[in-house]
Amino acid sequence: MNKCTSVVFLSPTDHVVSLFAPVHRLEARHVLCELGEDHGDDHADMVWDEGGRPGSAVWARWNGQDVKLASLPWCPALTAEEDACGLFADHPSAHTWDVTDPTLEALRQELAKERPHRSPEFTEEGGE
């Protein structure tokens, strides 16, 4: 299943920014849905992991242009190799291991052609 392509601009109010300032630097930016396409619910992008509250993260949730922040627990699902799903509990689409980002996949294929002797491992964080 391909990744959803919904994107929205997260522009937190000054009040919200001041609430999180001691813990996180919350800036205006675009957020891209991390769920699988055709998920049939609000879009979602993780804003930050809540290290102070183990097992949860803050997610931007939107439908249209109205963006809300929500603290949600992590999905408890694991693969046979014990890799964790990178989404929130009760997410409406497939687990992250079943969702493909077509842009990253195209980049992997191009690099494999250019460097057949290497197997590039790219992550969404931008590393090789």
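**Cysteines and a three-stranded sheet**

Cysteine 4 counts as buried, its relative accessibility being 10%. This value, like the others below, comes from a predicted model. Two topics are set out here, namely the cysteines and an open sheet of three strands.

**Cysteines**

- The structure holds zero disulfides, and cysteine 4 is accordingly in no such bond, with the nearest cysteine sulfur, that of cysteine 33, lying 3.9 Å away.
- Because a disulfide is counted when a pair of cysteine sulfur atoms lies within 2.5 Å, the 4.0 Å between the sulfur of cysteine 85 and its closest cysteine sulfur, in cysteine 75, is too far for a bond.
- Cysteine 85 also counts as buried, in this case at 3% relative accessibility.

**The sheet**

- The open sheet runs in the order S3-S4-S5, and the pairing of its three strands is antiparallel.
- Strand S3, covering residues 43-49, and strand S5, covering residues 66-73, are the edge strands, each of which pairs on one side only.
- From one strand to the next, the twist averages 30°.
- In general, the strands of a sheet pair through backbone hydrogen bonds, in either a parallel or an antiparallel arrangement.

**The pairing of S4 with S5**

- Strand S4, which spans residues 56-63, pairs with S5 in the antiparallel sense, and eight bridges make up this pairing.
- Tryptophan 62 stands opposite valine 67, the latter being a residue of S5.

Note on methods:
Residues numbered from 1 in each chain as written. Predicted model: local features only at pLDDT ≥ 70, side-chain atom pairs only at ≥ 80, totals over all residues. Heavy atoms only, no water. Pairing = 2+ DSSP bridges. Helix = DSSP H or I, 4+ residues; strand = E, 2+ residues; numbered from the N terminus. Axes fitted to C-alpha atoms, helices over the stretch in contact; angles between N-to-C directions. Buried < 20%, exposed > 50% of the residue type's maximum accessible area, 1.4 Å probe, protein only.
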